[in-house]
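User: I have a model open and would like to understand the labels attached to its surface and its empty spaces. Could you go through the reasoning with me?

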Amino acid sequence: GREDQELLAHYRMLAALRKQYAFLADGDYRFSWEGEHVFICTRWEKGDGRRLIAAVNRHIFGAVSFQLSLPEKTTYVLELLTSRVFYPKDGSLLVNLPPLSAMVLDCRTNPPQKRSLKRRAGVLCHISSIPSAKMDSGAKQFIDYLSDCGQKLWQILPLNPAGGEGDSPYSSPAVFAGDERLMDEDAPLDWDRYQAFCRQEAFWLEDFALYMVLKEEFSDLPWQKWPQPERDRTNLDSWKQQAGQRLEAIRRRQFCFWSQWEHLKTYANEKGISVIGDLPFSPGTDSADTWAHRDLFLLGDDGLPLAYVGAPADEFCPDGQSWGNPLCDWDRMKKEDYWWWRRRISQAMRHYDYIRCDHFRGFSAAYAIPPGKAACEGVWLPGPGEDFFRCLTKHLGQLPLLAEDLGCLDIQVKNLLHL
């Protein structure tokens, strides 16, 4: 408990770099020197537009300045130890190294794509805080008021159902579903649109409907305490047959929910207002998502988390925080090309103009608390890093993401924001 915390943070940062840049372990490399004291190592992987250059000043007392030659066609450089960005124009970079210091440069031929956002004002107000707490005429009156006041942004909390001990939308029993408590009266059913909805959303809708039926059947117990056949999903066909009408009713209510939201968002857009949605970092432990995709989360044989997401102690919460949510199994998700997250982001891009990523720093590293341990006894586990967002961009194009920044971001998170 008496370790140098700054040194431990430095070790964690170096370990995170090695995980993020696989070619640091097995890529090509070249060594060189600048004068007597500066050692330079360049590493890269064939076919990858990125190269890393590490420069170390071994001099105990003397600072060193020199022009560092960069890889051909480099237009963007991110210094990974300080998160400084450079845009070299002549193929070189002026480097200043104090005594016993180093820098690690991520050199790229193409700068990261940045979404240009105009400065605008707006309001954070969830639907539940509108007087009617419904997606009804009262919600439209609220939008009218925003428009009359010259506001251009409306930020809401997650639309998914709330769950967990605090009835929180950030610990949801179903991150793809809508919270039906926010619905107005059921709208007339357009059969063609309903069938199209069921086809498009089938990847989550069927599991959600079954989960809700079984929750009711087993007195609202968490799925980890259901009978083994239902818990392990080996007896679902019989439930699909005997609970057909109940499953259909759940599908129709979800269709009505998202239809009402689509109508309300369109109304806001026509008034010149963009909607900022909110994406929770992970589902609740007792959720349709963990039940249907146990392999995508760090769960034990009993279905309970091997560690819970939280936050370390700080001046606002000296004992730390444990939120009760499971961690994603990022290694498994990567092997499957992050399909579950691609589905989430794709759905969110249909429902919102911009997407706030809750707990963004968790994509760099998440604070994990073992079961039975106090929140202050957690450890940092690496997240998926840039590879995750490269995959999303490859499949979905430019992402309308907004990162949560509570003012406590470390260098790794700042680097991720730059990239």
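User: Happy to start small: why is Leu14 called partly exposed?

Analyst: Good place to begin, and please keep in mind that this is a predicted model. Leu14 has a relative accessible area of 39%. Buried would need under 20% and exposed over 50%, so Leu14, at 39%, counts as partly exposed. You will find Leu14 in helix 1, residues 5-20.

User: What makes Leu7, Tyr11 and Leu14 a nonpolar patch?

Analyst: A residue can join a patch with over 30% relative accessible area and no salt bridge, and nonpolar side chains are joined within 5 Å. Leu14, at 39%, is over that 30% cut-off. Together, Leu7, Tyr11 and Leu14 have about 290 Å² of accessible area.

User: How much of the protein counts as buried?

Analyst: Of its 419 residues, 47% count as buried, and that label stands for under 20% relative accessible area.

User: Now the empty spaces. What makes a space a cavity rather than a pocket?

Analyst: In a cavity, a 1.4 Å probe fits but cannot get out, whereas a pocket is an open set of points. The structure holds two cavities of 30 Å³ or more. The largest cavity has a volume of about 110 Å³. It is lined by 13 residues, and Asn160, Val175, Leu279, Gln347 and Tyr352 are the closest to its centre. Helix 11 (339-351) gives the most to this lining, with four residues.

User: And what is the volume of the second largest cavity?

Analyst: That one has a volume of about 90 Å³. Among its 14 lining residues, Phe176, Trp204, Asp207, Ala288 and Asp289 are the closest to the centre. Helix 5 (202-217), helix 9 (288-292) and helix 11 each give two or more residues, and helix 5 gives the most, with four. The lining divides into eleven nonpolar residues, one polar and two charged.

User: Which residues lie nearest the centre of the largest pocket?

Analyst: Those are Pro112, Gln113, Phe389, Thr393 and Leu419, out of 27 lining residues. The volume of this pocket is about 830 Å³. Helix 12 (386-396), strand 17 (401-403) and helix 13 (411-418) each supply at least two lining residues, with the largest share, five residues, coming from helix 12.

User: How does the lining of that pocket divide by residue type?

Analyst: There are 13 nonpolar, six polar and eight charged residues in it. Phe389 and Leu419 line this pocket, and Phe and Leu count as nonpolar; Thr393 is also there, and Thr counts as polar.

Conventions
Residues numbered from 1 in each chain as written. Predicted model: local features only at pLDDT ≥ 70, side-chain atom pairs only at ≥ 80, totals over all residues. Heavy atoms only, no water. 1 Å grid on protein atoms, 1.4 Å probe; cavity = no way out; pocket = protein on both sides within 12 Å on 5 of 7 lines; lining within 4 Å. Points joined across faces, edges and corners; volume = space filled by probe spheres on them. Patch = residues over 30% accessible without salt bridge, like charges linked within 9 Å, V, L, I, M, F, W, Y side chains within 5 Å. Areas by Shrake-Rupley, 256 points an atom, 1.4 Å probe, with all protein chains shown as cover. Salt bridge = Lys/Arg side-chain N within 4 Å of Asp/Glu carboxyl O. Buried < 20%, exposed > 50% of the residue type's maximum accessible area, 1.4 Å probe, protein only.
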